[in-house]
Amino acid sequence: MKILVIAPMERELVNFNAALSTFDKLKHSYKAVTCDVGKAFAAACTAVELSKEKYDLVVLVGYAGASSSYHQGDFLCPSAARYHDADCPAEIVPELTQEFKLIGKDDCLLLSGDAFMTGDKAEALFAKYGHNVMFDMEGCAICQIAQKHNTPVAVLKYISDTMGKGAENLQSFMEFSHSHTDFRCFVSWLEAL
C-alpha cells in the first residue's frame, strides 16, 4: 500500500520519520509531509499531494485533545470525524455538516475546528456528541479533500490533554508533546493493515 502521512507540526513529522527508521523492513511505502496547523493548511497540503500522486490511504498523525473519557497518553484511531465549527444548513453545504468515516478501530468521534479546546468550549460539544470525542484542527479538512480523490483516511493520535479549565490544557499539551515522541505504535498500526 502507498500511504501519505500528514503531520500538522514539524515535531510530529520528525517523530513519525524517526519511528519509521526503527523498522528493518516495511510492508508499505510511505511519504510523510508536514502541513502546518489548521484546516486551511491541512486542506491545501492534502490537495497538493493528492493532485501529484495517487495514494491508497491518507493518514493524519500527531497529538490531540480529548474528553475526560480518555487519558493523557492514550493512542486513539477514531472511526468517524466531523467539523465542530461548521454553522450552516446541511442541505446547502453537506460537505461541512456530514460525518466522515475513518479507517479506525476506536468508537470515538474526531471533532475538527479552528479552536484549541478547553473544558469551557467543549461542554456544549459533549452535550451534542457525547463524551467519546477527541479534538483536532486538521482531520475533517483532510477528509473533505481526500473524499474528492476517493482516498480513505485514518487518524492516529496520542491524547496530549483532556478537557480541563483554561490554560491548563495548553500547558498539558506542551509538556506532553515534548516528552512523548515515540511514534512506533503509529507505524506498527499502519504496518498491520
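Helices here are DSSP runs of H or I, at least four residues long, numbered from the N terminus. Y129 lies in one of them, helix α4, which covers residues 119–129. The model is predicted.

**Y129 and its surroundings**

With a relative accessible area of 23%, Y129 is partly exposed. Leaving out residues up to four places away in sequence, Y129 touches R82, Y83, L109 and L111. H84 is 45 residues from Y129 along the chain, and the C-alpha atoms of the two are separated by 9.7 Å.

**Nonpolar cores**

The largest nonpolar core has 30 residues; L4, I6, V58, M134, I142 and V153 are the members that touch the most others. Two or more residues of this core come from each of β1 (2–7), α2 (39–52), β3 (57–66), β5 (78–83), β7 (106–112), α5 (139–148) and β9 (153–162). Helix α5 gives the largest share, 5 residues. Another core, of 23 residues, lies apart from this one and includes L20, Y30, V61 and L190.

M134, named above for its links within the largest core, has contacts in several stretches of the chain. Not counting residues up to four places away in sequence, M134 touches A64, G65, A66, L76, P78, C108, L109, L110, L111, K157 and I159.

**Cysteines**

The structure holds 0 disulfides. A disulfide needs two cysteine sulfur atoms within 2.5 Å. For both cysteines in the table, the nearest cysteine sulfur is that of C77.

| Cysteine | Nearest cysteine sulfur | Distance | Relative accessible area | Class |
|---|---|---|---|---|
| C108 | C77 | 9.6 Å | 2% | buried |
| C185 | C77 | 8.1 Å | 26% | partly exposed |

C108 counts as buried because its relative accessible area, 2%, is under 20%. C185, at 26%, is partly exposed because its value falls between 20% and 50%.

**E191 in helix α7**

E191 is found in helix α7, residues 184–191. Is E191 buried or exposed, and which side chain of opposite charge is nearest? E191 is buried, and that nearest side chain is K27, 6.3 Å away. E191 has no salt bridge, because such a bridge needs a side-chain nitrogen of Lys or Arg within 4 Å of a carboxyl oxygen.

The side chain of E191 has polar partners all the same. One is the backbone nitrogen of K27, reached at 2.5 Å. Another is the side chain of Y30, with a polar contact of 2.5 Å. Y30 is also among the members of the 23-residue core. Apart from neighbours within four places in sequence, E191 is in contact with K25, L26, K27, H28 and Y30.

Conventions: Residues are numbered from 1 along each chain as its sequence is written. This is a predicted model: local features need pLDDT of at least 70, side-chain atom pairs count only at pLDDT 80 or more; totals for chains, interfaces and linings use all residues. Side-chain values use heavy atoms; hydrogens and water are left out. Buried means under 20% relative accessible area, exposed over 50%, partly exposed in between (1.4 Å probe, protein chains only). Lys and Arg count as positive and Asp and Glu as negative; His and the chain ends are not counted. A polar contact is a pair of N or O atoms within 3.5 Å; within protein, one must be able to donate a hydrogen and the other to accept it, and residues adjacent in sequence count only if both atoms are side-chain atoms. Contact means heavy atoms within 4.5 Å. A nonpolar core is a set of buried Ala, Val, Leu, Ile, Met, Phe, Trp, Tyr and Cys residues joined through side-chain atoms within 4.5 Å.
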